[in-house]
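Biologist: Please take me through one part of this model closely, beginning with a single helix and then moving outward to the strands and sheets around the rest of its chain. I would like a connected account that I can follow residue by residue on the screen.

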Amino acid sequence: MMDLTMDMGHRAALLAVQAAACSASGPPGNIESSRWQFQQVHSKFPASFFGPHTLGSRSARMLGSAYLQGGPGGMPPPGQPGTSGQQNGAGGKDDSYFTESRKGEVNELRTLLRTFGTEKDRQRKRDIMKKVIAYMTLGIDVSRLFTEMMLAIETRDLVIKKMVYLFLCNYAETHPDLAQMCTNTLVKDSGNEDPMVRGLALRALCSLRLPQMIEYTSEPLRRSLQDGHAYVRKTGVMGILKMYHLNREEFDRKAFTDILYDMLRDPDSSVVSNCILVLNEIMEEEGGMALNRAVMLHLLNRIHEFSEFGILSVLDLIPRYIPANDEEGFQIMNLLDPVLRTANSSAVCATIRAFLSIAESIGKRPGDDRDPDSPTVDDLKKQVCIRIRAPLVTLMSSGSSELTYVLLKYVDQLIDLCPGIFDEEYRMFYVRFSDASHIKHSKVRLLAKLANPQTAPDIVAEMGELVADGDETMGRLAVRSMGAIALHDTGGQGCVESIARRLVEMLDLQVPHVSSEAATALAGLARRHPDTIAVMSAPLPRALRYITEPQGKASVIFLLGEYGESIQEAPYSLEKVIDNYDNIVDDGVKTALLAATVKLFFHRPPECQHMLGRLFKKATEDVSSQDLHDRALFYYRLLRSSPDPDIVKSIISKSMTMSTRQFAEEDDSELKAALMDEFNTLCTVYRCKPENFIEDANIVPFVRMPKEHPLPSDAPLAPVPDPGVNAVTDQLGGASITEQQGQAAPPPPAPAVTSGEVDLLGFGFDEPATPAPVSSAGSLQSLSLKASVTLSGDAYQSLWGSVPDGEAIVTPALPMRTAPSATDAVEASLKTFNVFTMASGELPTEFKFFLYGQEEDAFGGGFFLIQAIMLKAPASLSLTIKVSGGDPDPTKRKEKTDQLIELIKSSLGQYI
Amino acid sequence: MSSVWSSLQYLNGLEVVTTMTGGGRGCVVWWSSQGRIARKPQARRTPAGKTRDFGLWLPGERRGGRKHCSTGENDMLSAVFITDLSGKPLISRNYRGDIPLTSAIEKFASYLLEVDGDLQKPVFHVDSSGDFVGGGDMGCTGAGGEDLRLRPGGVGYPKILRGRRPVGWRKLIEEPPQERPGNRTTSGALSEARAALDQHGYEESFIPHNNLYLCSVTCKNSNVALMLTYLYQLTALFQDYFTTLNEESIRDNFVIIYELLDETMDHGLPQSLDSTILRQFITQEGNKMADDTKNKPPVALTNAVSWRAEGIKHKKNEIFLDVVEKLNLLVAANGTVLHSEINGAVKMRSFLSGMPELKLGLNDKVMFEATGKSSQARSGKSVELEDIKFHQCVRLARFENDRTISFIPPDGEFDLMTYRLATHVKPLIWVEAVVEPHRGSRIEYMIKTRSQFKSRSVANNVEISIPVPPDVDSPSFKSSVGNVTYLPDKDCVVWTIKQFHGGREYLMRAHFGLPSISREDAEGSKSSGGGAMDTGWKKPIGVKFEIPYFTVSGIQVRYLKIIEKSGYQALPWVRYITANGDYQLRMA
């Protein structure tokens, strides 16, 4: 051990030296030996990560050196003289670094950190910090540096800040007291002017996982939800979830869920998708986010805005939503159809699930007293399967092996749902030599399901090739799959017989597992198709001699007993086995032997009488299996005590021919149905229900939207508040879901940031307060703007600056029919409504306007400052409004702002 | 990719297509209760009779909702970690703290160690006692009959490690944290929670990449496709950042990896994985806070063009198109083509300034039909693409309407679209092998190869690998062209032909000595079946090749229109290449 220690030190030095291309320390032979030991150490001390336990092994330090030397911004090479004595970090100046105690290393870091404040060079500061994080990554407990790290949090360098935050999050759990001390800084940072810092600080604050932190966190969290920047809002939404997991009892669920529902209207799609995800989890017990038609349609109409992963959150809601009518169901499907063209496989899979669930909801069921022509659930599901076949096959052929494995499972399940849909693609599932074993196995099992009269000959031929595969499991599966095709009789005319012939050939292949499997398959086949016995009778006695595997042997014995009448040698073959009884190990074989011999006795009594007697003696004396013993006694007593042999014969010689296509144990239709509800989850891959592998606590109940729509059906359906509803133009936009009832223009959106009192789901549609769209400024009651206002550029800027961003009102993007061609026209039309332009400009993708107007009012005339951005493609308008001065009553101010928005909208009527 | 850009087709000013007539003919409605389902331009692929006409369903009474007693779904991961090939962790991030990460990593390592490489499934379950359970497949062990039996009805699934539980693994679980005075309640609750955690089973899924494994863990019934897709995209993202992703680059960049792990996933829920966006605020150099205006989190997230930043400037406005087709082929031993398929991709490298609006025209049959150019469609110069997938920048609605591919490209490299054709393709390079084994003394191969494409095309770097038995010795080769080498470690002979012109045929003979006692004989009667079970013989012949200026599907870029506000002239370049995909010919 002593030697090893020394050597390790040496080795580390060498490692360092290698990196610096300096070859001063030690003979080359030493390098070799130490390298070997290096590997040994690796396997001896698996480095573990994070968490309160520490890893003090040398291996960690070894690795540490690798981490610390690596980066471009890593430590200077050891050959280079350090500027101070504290510089001898990982690639230190001599061996002493590694012979020091671990405490020493951390202490050294601490001294380094103490110089942090005085250190001027940014790069060096980062290096120090990086070293701490590297140690942490290796699982060395650096939590003692907590105090020093906290001091470093005051920095303007984002990279350092992130590292400190990471450190905090990792060790907060073990140092709750200290972590509490840094909350102030974090809270302060969450009000930083830089949205990035605000977001990061908030994320760190919420990730501390300290229950006592809730009181400090709530305030910044609430503030973040109204932040002007989407990044902060998005992080804030996630923060809510973290708070919820931290302390479910004290979590102010009502308040937060209300805010979240309100934020579903956020202009930023990533905020919206986070809202959905968070709501789903917070309301887990209810099965997830509450849904109604308005919410669903609102989200669906915006689906083109979501990122590839964000779209998943919306898609996952669909199975829980019941479309209002068939038409709507079809519209949703049309809307989602383009998602099948995205390259993201998880989005495609989620779409499949959504489609299937819609088919389930809108299809006609048996017993439904609907129009006889409307499509049934099965029809629709079949349509769905046909539609998704090509995308699924593409994903499978272009995806990598892991994804293919999962997709094969999905295909398997879809075939169960709609037998026959993948039949035409059967060549896709031919086994490639380069496939991983588990993929090969899945493919072979699938191939058996794809057999129809057209494809069966090819598939059976392919299986024949695979039987001889070097992989034993593969061979077994191939034989079994062939058996399954014959058993289920899917191969059409003559297929059963040709398979039977192939299987018989395999009996003679003399490959133990193949012939055993073939025998088992033949036993099943004979029961299903008794006429095939003619094909197999000849080789059976011979097969009995060389089949060694118990299952195959038992199958042959069963066949000999069952069809012994027609097989001349049957009794003699069995006799040999009986004579060899003592060498049989497997109970199954013995039981089969007993049953077969008794049966054969009734067909060919003279030949069997003696051997049966011997078998009874052996079996009743056999104590290895209670079952066997009892059976033997049963048969014996039955034969001995029965007055009428014919009765016994009728009992024993009952034909085993089966009339159904399936064995009872293969019938898993119940499971299949259950799995269908779990499509695209782990259940599909494991092929078992979630309760079999997921902890009860982690199972999310599936709750569909209530049968009755929360919206009364006779009441005029309120349209979705988002004015974007009918004007979706972008990626997925072609189709959009429209109201059937022919409603008036949608009410203007209430700005998302004003979330004082919230109506849980209705988004306030039911409130009559929705102002009617205004056609001219004249109809405005309380808002009138001065016809001539003068405001200098500087005054404008100072006014704009005087109103904090948090108070600004931001409207969601408002779609426009066309974008204006130039700014002049817009300015002119605004001017007629007394809204003036301070500055305007054209950017490649948008127009920007800085507008203002002054109120004619008793309150000294408040200024409205408006920043309007018109995107050119897709044409949309978003406004940021600040109110300076004017009515002190916030509700009135809000009212007026709303009116102003209307005013602007109506003045731009030619575009909107 | 041996071709050079200098010899490219210059595409500007090629045929400019008259404006599309968007109207009713090309309009896509395939889901409708208005009497038509599956009315799509491609509808003819649906066999007649399967398309049923359904009358309009009139809204009637609402029927009762079916009772569902299943679970909801989760788009959630608990943790992500990266290990080296032996399962030793390099970096990890525990997003939720609801699984014991340390033991999850250890379990992963032991999974790699204890489950046969070939049987490792990309998704597996670790139950509360620490046993691995694979998917409900038969044949987890590959051992005797019992484990192979179908387990119906959700009773369970075969255990891989029956009776082989690693001894003492429980000791490796994190020790409960020490009680800290003054914090008894918190800490106590924590340790209780931790104890409870240890009882839980969890699911792991992993993908290999270079010398690494990327692994995600969850304890819920998560969306598997998501778990894997996230890992793939994470890999792509890291590659985008560090060029290559391997052990070294992880060690070198661990700080930035932490940043990326945090930015791509928050609390186990995926966020943005778009490298063009992330690159704006996570850079290799790092940013100084509030120093420059660039250091703002991307506003791009909110606008319609999230994948492209504003104000991009290039000195020379150019765009490069690569149409790459890979041919997957499987030929049976008797020479019939079992399966052939073309996987194509249009890759782009865009160096365009501003916000360019691009329109790509292909000789797409469906588009020709939709726009009424059926003469072109019939003339055979068009291609029917079976399934197309697009980069998110392409306006899908537009495509559905009139098959126009219009988009604002991201800057730099990306895959604009991928497509698949399952047409019957004549093998471009045909290989025939005649093997004459003389047991105990020698084995002779005669390989004939033929190029079955037009003679003006040339296949570059053709590599034909022919499997040979593992115990051959003293190789000798004779070939009319190219080099032949024997690779003992792969048990194959590789015949390399640098340039293979179309319509040629070449011959190669190989001769090997065989030991007088074959390996099976030496190993005794284990495989009494003899030669049939020799795996070496079952290996297929593999072929690698690249044919520039040629697409096997016949797809062509007809035009690429670039429209930008500033009206600059941009140069689009295009090149075509056909390469081998999974190209296998089984040996007799």
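Modeller: Helix H1 of chain B, residues 101-114, is a run of 14 residues whose first and last C-alpha atoms lie 19 Å apart, close to the 20 Å expected at 1.5 Å a residue; please keep in mind throughout that this is a predicted model. Of the 14 residues of H1(B), 10 are buried, so the helix is largely enclosed by the rest of the structure. The buried set begins with the unbroken stretch Leu101(B), Thr102(B), Ser103(B), Ala104(B), Ile105(B), Glu106(B), Lys107(B) and Phe108(B), and it is completed by Ser110(B) and Tyr111(B). You will notice that Glu106(B) and Lys107(B) are among the buried residues of this helix.

Ahead of that helix in the sequence is strand E3 of chain B, residues 89-94, which contains Pro89(B). Pro89(B) counts as buried because 26 C-beta neighbours lie inside 10 Å of its own, and the cut-off for a buried residue is 20 or more. To give a sense of the distances within the chain, Pro89(B) and Gly482(B) are separated by 393 residues in sequence and by 45 Å in space, taken from C-alpha to C-alpha.

Further along is strand E6 of chain B, residues 202-209, which is mostly covered, with 7 of its 8 residues buried. E6(B) has strand E4 (residues 123-126) of chain B as an antiparallel partner over 4 bridges, and in that pair Val123(B) stands opposite Ser205(B). E6(B) is also joined to strand E7 (residues 212-218) of chain B, again antiparallel, by 7 bridges, and there the bridge partner of Ser205(B) is Ser216(B). E6(B) and E7(B) form a hairpin with 2 residues between the strands, in which Asn210(B) takes a positive phi near 45°.

It helps to set these pieces against the chain as a whole. Chain B contains 12 helices and 25 strands, and 42% of its 588 residues count as buried. Among contacts in chain B with a separation of 6 or more, 68% are between residues 24 or more positions apart. The domain assignment divides the chain into domain 1 (79-141 + 156-175 + 191-267), domain 2 (318-425 + 552-585) and domain 3 (429-548). Where domain 2 of chain B meets domain 3 of chain B, 8 residues of the former are in contact with 10 residues of the latter, and the side belonging to domain 2 has 4 nonpolar, 3 polar and 1 charged residues.

Turning to the sheets, one open sheet of chain B has 4 strands in the order E16-E17-E22-E19, with antiparallel pairing. Its edge strands, each pairing on one side only, are E16 (429-438) and E19 (473-479) of chain B, and the twist from one strand to the next averages 15°. Within this sheet, strand E17 (residues 442-451) and strand E22 (residues 505-513) of chain B are held as an antiparallel pair over 9 bridges, and Ile443(B) stands opposite Phe512(B) in E22(B).

A second open sheet of chain B has 3 strands, ordered E14-E12-E24, and its pairing is likewise antiparallel. Here the edge strands are E14 (405-407) and E24 (557-563) of chain B, each pairing on one side only, and the twist averages 15° from one strand to the next. Strand E12 (residues 357-362) of chain B pairs with E14(B) over 3 bridges in the antiparallel sense, with Leu360(B) opposite Ile405(B).

Another set of pairings runs through strand E23 of chain B, residues 541-548. On one hand, E23(B) pairs in the antiparallel sense with strand E18 (residues 458-467) of chain B over 4 bridges, where Ser465(B) has Gly542(B) as its bridge partner. On the other hand, E23(B) pairs with strand E25 (residues 571-585) of chain B, also in the antiparallel sense, over 5 bridges, and the bridge partner of Ile547(B) in E25(B) is Thr578(B). As general background for all of these pairs, strands of a sheet pair through backbone hydrogen bonds, either parallel or antiparallel.

How values were computed: Residues are numbered from 1 along each chain as its sequence is written. Chains are lettered from A and ligands numbered from 1 in the order in which they are written. This is a predicted model: local features need pLDDT of at least 70, side-chain atom pairs count only at pLDDT 80 or more; totals for chains, interfaces and linings use all residues. A residue is buried if 20 or more other C-beta atoms lie within 10 Å of its own, exposed if 12 or fewer, and partly exposed in between; C-beta atoms are placed from the backbone. The expected span of a helix is 1.5 Å times one less than its number of residues. Two strands pair if DSSP finds at least two bridges between them. Domain bounds come from an automatic or database domain assignment. Two residues are in contact if their C-beta atoms, placed from the backbone, lie within 7 Å. Ala, Val, Leu, Ile, Met, Phe, Trp, Tyr, Cys and Pro count as nonpolar, Asp, Glu, Lys and Arg as charged, and the others, Gly among them, as polar. Axes are lines fitted to C-alpha atoms, for helices over the stretch in contact, and angles run from 0 to 180 degrees between N-to-C directions.
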